[in-house]
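Thank you all for making the time this morning. I would like to walk through a few local features, and I will ask you to keep the sequence and the model in view while I talk.

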Amino acid sequence: MMVDSTLAQVGKNLTDAMRILGDGQREPDTGPEKWRLSRTSIPGPLQGDGQDVATILHLVHNLIHDEEEEEDKPSQQRMQHVGEQGHMALLGHSLAAYISVLDRERLRKLTTRILSDTTLWLCRLFRYESGSAYFHEDERDGLVKVCRLVINARYEEYASEGYAVLSSRQPVIYQSASGRPGLGQHLCNQLGLPLSSLCTVPCNTIFGSQHQMDVALLDKLIKEDIEAGKLPLLLIANAGTPGAGHTDKLARLKDLCDQYSMWLHVEGVNLATLALGQVTSAIMAASRSDSMTLTPGQWLGLPAVTAVTLYRHEDPALSLAAGLTSSQPVAKLRALPLWLSLQYLGHSGIVQKIRHAAALSQQLLQKLKALASIKTSVEDELNSPVVLFRFSQEMSSASSGGSVEAYCAGEKEVLDAFNRWLGEQLLQLVPSSGVDVVELEDEGTCVRFSPLLTAAVLGTQEENVEDLMEKLSELVPAMCSTMCLRQDFREETHRHSPSLAYIEQLSWPGLGAVRYEPQAEGMDESRRKQEREKINSELLKKLQDLDTDIIFSTGPEFGTEEDCIFVGMVSDDVDVSELVDTMAALGRDIEESGRLLENMTEVVRKGILEAELQLQKASEEKLMEEGMLRQLPLVGSVLNWFSPFQSSVKGRTFNLAAGSLDSTELTYSTKAQPDRPSLQESPTSSSKKQPGQRLFRRSVAASDSFSETSSIGPAEETTTPREASTSPREESTSPSDSIQPPTSPPAPEEDSHTAGVVVPENIEESSVQVDTQLEDAVVSEERQPEGQEVEQSGR
């Protein structure tokens, strides 16, 4: 078969482009320097010499993936699944540019054939007989053109008089409160109508669905507008609301529109089910509407395919005046990508894709009914292609043992935060599912699964729905336990007041938020704020280093509270009391260690001054005790040889922790440093964890009590932070997966040298080193020959 060489070249170029953009493989003849320059994303001047197609396509590939390469991680947003039908749509855009250069007569015949074929196929597919089609890029543009058509039809002198005709009888456009946000305002802006021409009809609140338009109230509003001298122009109904996927009572609305000579326009995702063999009566009524907008590109997974508005009108002149038809052949080429894709898929392929999406919704819906703590919100469970579900507090309270009244205040806002977190987690764990989060006025925050909009684009299959249910089953127990333990967490935090402050964050999907407050007195507000920020930052690092499944973070990116520690989701075996005790103990240790380090300079300075005074005093006492003769170099040596003198000079040790000079007499008499606990003999934790048990988890024997395994905190008044720590030697000999209390700087026991002072181990070790150096100096001084001693004193 003969093929136009230009058409063959277009197909080849598209294939090469998709290969290069898809795998990003570099051409062998591309030099390193040229490849490096092509990767830059900095705008620059146009090159003097032209570049080949491969180089330009590589540049496009680099610009697409430049951001994720800089971050050194794959993009979180999954790219659209482009199948063979997608390639046909992309080929249609290339062919449209090629066809536009044909001679005028051949172009007119070809575009007329493409437009008529596509219109006929769509009208038969979606049961819309005797309709015309308008192809448009913006989904709202079709409705704008339809409104202009209706205005031209209802106002006979509009073509000559313009907007002045509208002043006699103001047109009114009615839309549902559950409709697309901003659609009515867009219509008024494009048509030059005041916002008073837009009437929003509330939905049913007592009887029927909460997302369906109230037909009785609409009838009342229309009568009031007619009595006020206004003209009811058009009604926008939904066959699948943007949020919940509900369908209005289209049959009753069509009868009402016929009664008042109004135009009925229908839009929504549920219109796709008109292509199926069995269609519900609620959706079938859409075929009686005056116009409806379809989005086959989303339903069939076709990239860059226009939306289509099907309408019925007998006067082609008015359609041309409204912009629904065009005399320019090039404008008709917008239907070419869809024309190619529909032929590639065929009638059976189109129906199969829509049926597959509807089956995925039913599969998920049936499995959600068997899952506790999840509540579905579906108008027609047997036929709805949209599944809406949310985590329910009332259902979770029975399974987790908590009471609804015991939850913290603002439970609706808390539930919304939990459901928002649930939707984000499901989308991250199973990106092929295409779930998203929607905000509804009555239900609140819900998770939506609408495969008609996402399945063909993402390639969603039944196994993806199974994965979605598996992840959902793992997340729900954590949400139930966290919801029940939020109140306990708040009460435990209040028990540690004022050191720990509970921060009320209803929008945080987790256990709660706390802040450690410094207890030092005499600080101004700026100093206290700086100290609080430093302590909480260090506390967060220590908590994140613990061996636990709990996630600690700084909270939302745009949160209002500062210097807070946010605790994430927890399981039902978490000991909240131990968790809060640990946070309080770690914060206390950080505050004391920081305070000691800040005062160390002053302590050392005062210690040095005191040491100089004592050394000067000891030198004077030595002079008085030995006499002046023994201080002379020669006389002192002879005198010491005839009459040796036992010096009574005492050694001194500098205690770095206390900043004082102490005598070494006790050290030499006992041959050991008194009252100094060694690192190997530090007491171990009083709480014993089972092997393999993570931190803050209750053991099986103590599963009914939260406080039995608390190892840190005021459970026993005699317990100190040092008694709650674990020695390095014991940590090295214990199993790696056993649970130990958090590593915190231990404080030395009070003795005669360090009474009332708490220091970290590293400071205590430095004190030992200083003591040893000073003692060695004293010993060497005492062991010097008497002659040298007199000689040095004489100098």
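Before I point at any loop, let me say that helices here are DSSP runs of H or I with at least four residues, that strands are runs of E with at least two, and that both are numbered from the N terminus. With that naming, Ser 373 falls in the loop between α15, which covers 336-369, and β8, which covers 374-376. Please bear in mind throughout that this is a predicted model.

Let me stay with Ser 373, whose phi is positive, about 75°, although the residue is not a glycine. Is Ser 373 buried or exposed? Its relative accessibility is 2%, and because the cut-off for buried is under 20%, Ser 373 counts as buried. Ser 130 also has a positive phi, near 55°, and is likewise a residue other than glycine. Ser 130 sits in the loop between α5 (104-125) and β1 (132-136), and at 69% relative accessibility it counts as exposed.

Staying with the backbone, the peptide bond that runs from Ser 497 to Pro 498 is cis, with omega near 10°, and Pro 498 belongs to the loop between α19 and β12 (500-503). In another loop, the one between α20 (525-544) and β14 (552-553), we find Thr 548, which is buried at 12% relative accessibility and whose side chain reaches the backbone nitrogen of Ile 550 at 3.3 Å.

Now to the charged side chains. In general, side chains of opposite charge can pair when their charged atoms come close, and in this model the count comes to 22 salt bridges. One of them joins Asp 416 and Arg 390, at 3.3 Å from N to O. What does this pair tie together? Asp 416 lies in helix α17 (residues 411-429) and Arg 390 in strand β9 (residues 387-391), so the salt bridge links parts that are 26 residues apart in sequence. Asp 416 and Arg 390 are both buried.

A further salt bridge pairs Glu 492 with Arg 495, at 2.6 Å from N to O. These two residues are three apart in helix α19 (residues 462-495), which means that about one helical turn separates them. Glu 492 counts as buried at 19% relative accessibility, whereas Arg 495, with a relative accessible area of 43%, is partly exposed.

Asp 138 and Arg 140 also form a salt bridge, with their closest N and O atoms 3.4 Å apart. Asp 138 is partly exposed at 33% relative accessibility, and Arg 140 is partly exposed at 27%. Beyond these pairs, a network of salt bridges links Arg 515, Glu 517, Arg 532 and Asp 563.

Finally, I would like to turn to helix packing. How do helix α6 (residues 141-154) and helix α8 (residues 183-191) cross? Their axes come within 10 Å and cross at roughly 55°, which makes α6 oblique to α8. The crossing in which α6 passes α8 is right-handed. On the α6 side, the contact is made by Leu 143, Val 144, Cys 147, Arg 148 and Ile 151, and on the α8 side by Leu 183, His 186, Leu 187, Gln 190 and Leu 191.

I will stop there and take comments.

Notes: Residues are numbered from 1 along each chain as its sequence is written. This is a predicted model: local features need pLDDT of at least 70, side-chain atom pairs count only at pLDDT 80 or more; totals for chains, interfaces and linings use all residues. Side-chain values use heavy atoms; hydrogens and water are left out. A salt bridge is a side-chain nitrogen of Lys or Arg within 4 Å of a carboxyl oxygen of Asp or Glu. Buried means under 20% relative accessible area, exposed over 50%, partly exposed in between (1.4 Å probe, protein chains only). A polar contact is a pair of N or O atoms within 3.5 Å; within protein, one must be able to donate a hydrogen and the other to accept it, and residues adjacent in sequence count only if both atoms are side-chain atoms. Axes are lines fitted to C-alpha atoms, for helices over the stretch in contact, and angles run from 0 to 180 degrees between N-to-C directions. Angles under 35 degrees count as roughly parallel, over 145 as roughly antiparallel, 65 to 115 as roughly perpendicular and the rest as oblique. A crossing is left-handed if the near helix is turned anticlockwise from the far one by less than a right angle, and right-handed if clockwise. Contact means heavy atoms within 4.5 Å.
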